[in-house]
Amino acid sequence: MTIQLYAFDTPNARKISVALEEMGLPYAVQVVDITLGEQNAADFLTISPNNKIPAIVDPKGPDAAPLSVFESGAILLYLAEKTGQFMPKDLRSRVAVMEWLMFQVGGFGPMPGQVHHFIALKEESERSYGLERFMAETRRLYGVMDRRLAEQDYFAGELSIADFAIVGWVWRHERHKVELSDFPNVQRWYQAMLARPGVARGLNVPLRRPA
């Protein structure tokens, strides 16, 4: 049965479209236009209590009953458990996946997201402090990732949901003004991710309504 993906064209939503494509799960997109405030609609609140995208509704969840899931990290963990894909079985390897997933959810997402916010401000007096602070932290996080990827091909050893989580934000590197050539291991990993057909489809599936 088809999973409903409630999404808009953002890095957090792209994490889920990439995962769904890589996992081969049938899904349909329900665009929630956050520029129009559609995330605040009462019916969406029943799916996503925090009024944020992405969210999913799986009509065949546990015990074949429907299940809604909100928060991108929780969605990735649910899909990995549901399919048995991109999450190792042994605990030591699972910990590595969860570490890097939480690294993304708690840091490499919120920090470049703040860059996106401040870079869009027109008043230099409002822009300067926030940009200096959050761009420095964003670059620090890229450095953490670059060191990790100097040791292995993917963040947790084998390809996992942690990579799907992170690729959605590296996909926006131009918007937060990071040259990937400054972080060659991240650049190598990103190019390898883009070469995967499932990742490419997930990053290109329409998540906006036609103009």
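# A guided tour from Val69 to the largest pocket

Start by selecting Val69, which, when neighbours within four places in sequence are set aside, is in contact with Ala55, Ile56, Ala74, Ile75 and Tyr78. The model on the screen is a predicted one, and every stop below should be read with that in mind. Val69 belongs to strand S4, made up of residues 67-70, and its relative accessibility of 10% is under the 20% limit, so Val69 counts as buried. Adding Ile47 to the selection shows a residue that is 22 places away along the chain, although the C-alpha atoms of Val69 and Ile47 are separated by 7.2 Å.

**Lys60**

Move next to Lys60, which is placed in the loop between S3 and S4. Leaving out residues up to four places away in sequence, Lys60 touches Met1, Ala65, Tyr78 and Lys82; Tyr78 should already be highlighted, being among the contacts of Val69. Is Lys60 buried or partly exposed? With a relative accessible area of 47%, Lys60 is partly exposed. If Thr2 is selected as well, the C-alpha atoms of Lys60 and Thr2 are found 8.5 Å apart in space, while 58 residues separate the two in sequence.

**The loop between H2 and S3**

Now select Asn51 and Pro54 and display the backbone. Asn51 is found in the loop between H2 and S3, and its phi is near 55°, which is a positive value in a residue other than glycine. The relative accessible area of Asn51 is 22%, so that this residue is partly exposed. Pro54 has its place in the loop between H2 and strand S3, the latter running over 55-58, and the peptide bond that leads from Ile53 to Pro54 is cis, with omega near 5°.

**Aromatic rings**

For the next part, show the side chains of the aromatic residues, since a search of the whole structure finds eight aromatic pairs. One of them is formed by Tyr6 and Phe44, a tilted pair with 6.0 Å from centre to centre and 45° between the planes. Tyr6 lies in strand S1 (residues 3-7) and Phe44 in helix H2 (residues 42-45), so this pair ties together parts that are 38 residues apart in sequence. Tyr6 and Phe44 are both buried.

Another pair to select is Phe86 with Phe164, which is edge-to-face, with the centres 4.9 Å apart and 70° between the planes. Which parts of the chain does the pair link? Phe86 lies in the loop between helix H3 (72-83) and helix H4 (91-106), whereas Phe164 lies in helix H7, and the two are 78 residues apart. Phe164 is buried, and Phe86, at 18% relative accessibility, counts as buried too, because the limit is 20%. While Phe86 is selected, its backbone deserves a look, for Phe86 has a positive phi of about 60° although it is not a glycine.

Select Trp100, Phe103, Phe155 and Trp189 together, and a single aromatic cluster formed by these four residues comes into view. Two rings can also be examined for a charge above them: the charged end of Arg133 sits over the ring of Phe134, 5.5 Å from its centre, and that of Arg172 sits over the ring of Trp171, 3.9 Å from its centre.

**Helix H5**

Continue with helix H5, residues 110-119, in which Met111, Pro112, Val115, His116 and Phe118 are buried. What do the buried residues of H5 pack against? Showing helix H6 (124-149) and helix H7 (161-170) beside H5 gives the view that is needed, as these are the two helices against which the buried residues of H5 pack.

**The largest pocket**

The last stop is the largest pocket, in which about 750 Å³ of space lies. To find it, select Thr10, Asn12, Lys52, Ile53 and Trp169, which lie nearest its centre among the 29 residues of the lining. Ile53 has appeared before, as the residue from which the cis peptide bond leads to Pro54. Helix H1 (11-23), H3, H4 and H5 each supply at least two residues of this lining, and H5 gives the most, with five residues. Colouring the lining by residue class divides it into 10 nonpolar, 14 polar and five charged residues.

Technical notes. Residues numbered from 1 in each chain as written. Predicted model: local features only at pLDDT ≥ 70, side-chain atom pairs only at ≥ 80, totals over all residues. Heavy atoms only, no water. Buried < 20%, exposed > 50% of the residue type's maximum accessible area, 1.4 Å probe, protein only. Helix = DSSP H or I, 4+ residues; strand = E, 2+ residues; numbered from the N terminus. Contact = heavy atoms within 4.5 Å. Phe/Tyr/Trp six-rings, centres within 6.5 Å; stacked < 30°, edge-to-face > 60°. Lys NZ or Arg CZ within 6 Å of the ring centre and 35° of its normal. 1 Å grid on protein atoms, 1.4 Å probe; cavity = no way out; pocket = protein on both sides within 12 Å on 5 of 7 lines; lining within 4 Å. Points joined across faces, edges and corners; volume = space filled by probe spheres on them. Nonpolar A, V, L, I, M, F, W, Y, C, P; charged D, E, K, R; others polar.
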